[in-house]
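Here's a quick briefing to read alongside the structure. Have the viewer open and follow along.

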Amino acid sequence: MTIPPEPQPQPNPILDEGTFPTLRETSSPARLTIGDGRWHQISPRYVVEQLLVNLVGLAVIAVVGYFVWQQVENPLILIPFGLIALGFLLTLVILPRQARAYGYRLREDDIVFRRGILWQRFVAVPYGRMQLIDITHGPLDRAFGLAQLKMVTAAASTGLAIPGLPQRAAEELRDVLVEVAETRRTGL
Amino acid sequence: MSTPEQPNIPAQPPAGSDAPPQYPAPGAPLPPQPWPGAPASSPAPQQAPYGAPPQQPASREINFTDGAWHRMHPLTPLMRGGLALIIVIGVLLANFRERVIGLLIPDYGYTGYGDPVDWIMSHDLWLLVLLGALGVTIVLVGLFYLSWRVHSFRITEAAVEVKQGVLFRSQRRSPLDRIQGVNLTRPFFARLIGLSKLEVVGAGSDANVNLEYLSTRNAERIRADILRLASGARTARTAPAAPAAGASAAPTGAAPAATASFAGRTAQTISHGISEIIGGAETPVLEPQNIVTVSPGRVIASQLLSPATLFLVLWVVIVLAGASIATFFGARDVGVEISLAFGVGALAMLVPVVLGYGIYMLKQILTLARYSIALTEDGLRVTFGLTTTVTETLPPGRLFGLEVSQPLLWRPFGWWRIRINRMTGKSAAQSGQVDQLTTLLPVGSRDEVQRVLRLIVPEEVAAAVFPYGFDKAGRAHIAHTPSRGAWLHPFSWRVNGFLFTSGALLLRHGAITRALSLFPFARIQSVSMRQGPLARAQRLATLRVDSISGPVTTRVTALDRDDVIRVFEATARATEGAARADRTHRWAGDS
C-alpha cells in the first residue's frame with residue numbers, strides 16, 4: 001500500500017474499520033493542532049476492555065480493603081484503599097473521553113501520533129527513523145481482537161505506542177510502516 | 001553461536017604439556033595452524049601468527065584486513081588476570097618472609113607455631129602440598145594459554161568480528177557501516193609493556209567490540225584500517241597510517257635501535273611507554289588550526305571551580321559551626337572534656353568528605369590532563385589522560401546532539417564546556433565511563449569552543465551559536481518565552497527559547513547555568529510538543545527533541561503555542577530532508 005497524499009478525506013478500508021469516527025479534543029482555541037488531514041483512531045472495544053480491567057481492579061481493592069478493615073477494626077486503614085479506588089474511579093470516568101483522543105496520521109514523510117485531551121502530546125517520527133515495530137496483544141486483547149503497536153527509534157523518549165488498535169489495522173499499519181521505512185532507510 | 005564445534009579445542013593437550021605463551025622470537029613466528037571456524041571463501045583461512053612486536057622492520061608487518069583470524073598479543077593473559085595471579089603469589093611470598101628469614105638466620109627467633117605451614121611440616125605433607133600448588137599453577141597457566149589461543153579477531157570488508165572464551169564461547173560481529181567510533185585506550189600498566197586496547201563502538205547498549213590487548217603499534221594500524229574500511233574508501237590511504245605509526249616514536253627521541261635480545265626489546269618498550277606518558281601519546285595533526293588543546297592549569301582551575309567544591313566548602317562551614325557550637329555551649333552542661341570530644345568527633349566527620357573530594361579531584365585532573373581535540377580525515381580525534389590515555393575517534397555524522405554550557409562559577413573567566421549526545425556502546429553498568437565519552441571539551445574559552453564547533457558542525461551553525469545564543473544583541477532572533485509565561489522562568493524567560501537554522505535546531509535555556517543545545521536535523525529521531533491545561537490557558541506549550549540518551553537538554557518549556565506548532569512542523573520536515581541527504585554512514589569522499 002502506498003500512502004495517499006494528504007489530506008485523505010475518505011476513510012481507509014482497513015485502518016479505519018471499526019474505529020472511533022471522530023477525534024475528541026478541547027474546544028479551546030489555544031490547543032495544539034496540526035494542519036488538515038485524517039486522523040486514524042483506535043477501536044471503541046478498547047474502552048470496554050479497559051473498563052473491565054479497571055472494574056476488576058476496583059472489585060479487588062474493595063474486597064481486600066473490606067477484609068483488612070475486618071482484621072484491623074480501625075476505619076483509618078480504609079484511607080489508602082479509598083485513594084487507590086478513587087484512582088480507578090477517575091480512570092473509569094476519563095477513559096471513554098481519553099480513548100477518543102488517540103490518533104495517528106500517516107503523512108508524506110512521517111507518522112504523527114497524538115494523545116490526551118487535557119494534557120496533549122504530539123510526536124512526529126520520520127519513517128526512516130524507525131528501528132523496529134512491536135505488536136503486542138495479551139489474552140484480554142485477543143479476546144477483544146485488539147493489539148498495541150509500538151514504534152521504536154534510537155531515542156528512548158520517542159514513546160510512540162498506540163493501544164487498542166483493531167488487530168487487522170495493527171498488522172496493516174506495521175506492514176505499511178516497514179515498507180515505507182525500507183525505502184527511506186538512513187543512518188541512525 | 002554461529003561457529004560449529006571446533007574439534008581441535010577439546011583435543012588440545014592439557015595444560016603443561018605445551019609451552020606457555022611466549023613472545024615470538026624475531027624470525028621464528030608461531031607455526032600457522034588451521035582454524036576450522038574460518039569460512040572456506042576466505043582467501044587465507046589460516047590462523048596468522050601474532051607478529052610485529054613494537055618497532056620491528058616493516059617487512060614483518062601483517063595485513064590485518066585480509067579476513068583471516070588474528071590472535072591478540074601474547075601478553076594479553078598477563079593483563080587480563082595473570083597479573084592478579086602474580087600478585088597473589090607475591091602476597092603469599094611476603095607472608096612467608098618471616099619464615100624464610102627464620103630459616104636463614106636461626107637466631108632470628110621466629111615463633112610462628114600454630115599456623116598451617118607448621119601443621120603441614122609436622123605431618124610430613126609438604127611434598128603433597130607442593131605438588132598440589134604446582135598442579136593448580138599449571139592448570140591456571142594452561143587455562144590462560146587456552147583462552148589466549150581461542151581469543152581472536154578478524155576484519156573483513158564489511159565487519160569486525162571477535163571470538164573468545166573456552167567454556168562459554170562467544171562471537172561478536174559488528175558491521176562496519178554502523179560503527180560509531182573507535183577508542184584506543186592505553187591503560188597505565190599495559191602501556192608500560194607496550195600494549196593497548198581497541199574498542200570498536202557500536203550503536204546500542206553493551207554493543208562494543210573490544211580487542212584487548214594489542215601492541216600499541218598494531219592497535220594504531222588496526223584503528224586506521226577499521227576507519228578506512230568503515231569510511232567506504234576502497235583504496236588504502238597512504239599518507240596517514242604509516243607516518244602516524246612511525247612518527248609517534250620520533251618526538252620522544254627513542255632511537256629505534258635494532259636490539260635483538262628479548263630483554264633489550266622489553267626495556268625499550270618500557271622506556272617508550274614512559275616517554276609516551278611524558279611526551280603525549282598521539283601524533284600531532286599537521287594543520288594547527290584544526291587542533292584545540294586544553295592547558296593543564298585551566299583543567300585544574302576549572303575542576304576546582306565546580307559544584308563539588310561549593311558543596312565541600314558548605315560542608316566544612318556546617319561542620320565547623322556545629323563543632324564549635326557543640327564545644328562551647330556543651331562545656332557548660334557536660335563538662336569540658338566531653339564537649340571537646342564531641343567537637344573532635346564532629347571534625348572527624350570532615351575526613352571522609354575531604355578524602356573523597358581529593359580522590360575525585362585527582363581522578364578528574366588525571367583524566368582530563370593533556371586534553372586535545374584534532375580533526376582528522378576520519379572525524380574528530382579526542383585524546384586525554386595522563387596515566388591512562390584514551391584516544392577517541394568520532395567519525396563524521398556520529399553527533400546526535402551537543403550542548404555548550406557555562407556554570408555560574410566559570411562566568412568571570414569566560415570558560416565554557418561542550419558535552420555531546422553520542423552512541424557510547426556502553427551498558428548501564430558501565431555508566432562511569434559514559435561521562436568521559438560524552439564530554440567533548442571539558443573547558444575552553446569562547447574562541448576555543450568556536451573552533452571546536454567549526455570542526456564538528458557546519459560553518460553556518462557554528463557561527464550562530466555565540467552571537468544568537470549568548471550575546472545580548474542576538475536575543476531578538478531567539479523565539480523565547482512570551483512575557484505572560486515569565487513567571488514560569490523568572491530569571492531566564494528572555495533567553496528560554498529556540499532558534500531554527502538551516503542545519504540544526506538550537507535550544508537555549510538557563511540564566512544561571514547558561515546553556516545552548518544544538519541538534520543536527522540529520523540526527524533528530526523525532527520531535528514532540530506537549531501542552532497541559534495551565535499552559536493552554538496561557539497559550540503556551542513545550543517543545544521537545546527526541547535524541548539518544550545523553551547529557552544534552554532536549555526540552556524547552558513555556559514557549560508560545562504558535563511558535564511551537566510552527567517549529568514542530570518545520571523540524572519534522574527538515575529532519576526528513578536532512579536524513580535523506582545524509583551520507584555520513586560512509587563518510588569517505590572518494591569511490
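What follows covers confidence first, then a surface patch, then one residue from the inside.

Keep in mind that this is a predicted model. The two spots worth a look in chain B are a nonpolar surface patch of about 610 Å² and B:Thr185, which counts as buried.

**Confidence in chain A**
- The average pLDDT for chain A is 89, and 93% of its residues score at least 70.
- Going by element, helix 4 of chain A (residues 167–183) sits lowest, with a mean of 91.
- At the other end, strand 3 of chain A (residues 120–126) is highest, at 95.

**The nonpolar patch on chain B**
- Seven names to select here: B:Leu78, B:Leu83, B:Ile86, B:Ile87, B:Val91, B:Phe188 and B:Phe189 make up the patch.
- Two elements of chain B each give two or more residues to it, namely helix 1 (76–104) and helix 4 (188–192).
- Helix 1 of chain B provides the largest share, with five residues.
- B:Phe189, one of the patch residues, belongs to helix 4 of chain B.
- With a relative accessible area of 55%, B:Phe189 is exposed, because the cut-off for that label is over 50%.

**B:Thr185, on the buried side**
- You'll find B:Thr185 in strand 7 of chain B, which spans residues 181–186.
- Its relative accessibility is 11%, so B:Thr185 falls under the 20% limit and counts as buried.
- Which residues does B:Thr185 contact, leaving aside neighbours within four places in sequence? They are B:Ser196, B:Lys197, B:Thr388, B:Thr389 and B:Val390.

Key
Residues numbered from 1 in each chain as written. Chains lettered and ligands numbered in written order. Predicted model: local features only at pLDDT ≥ 70, side-chain atom pairs only at ≥ 80, totals over all residues. Heavy atoms only, no water. pLDDT = per-residue confidence, 0-100. Helix = DSSP H or I, 4+ residues; strand = E, 2+ residues; numbered from the N terminus. Patch = residues over 30% accessible without salt bridge, like charges linked within 9 Å, V, L, I, M, F, W, Y side chains within 5 Å. Areas by Shrake-Rupley, 256 points an atom, 1.4 Å probe, with all protein chains shown as cover. Salt bridge = Lys/Arg side-chain N within 4 Å of Asp/Glu carboxyl O. Buried < 20%, exposed > 50% of the residue type's maximum accessible area, 1.4 Å probe, protein only. Contact = heavy atoms within 4.5 Å.
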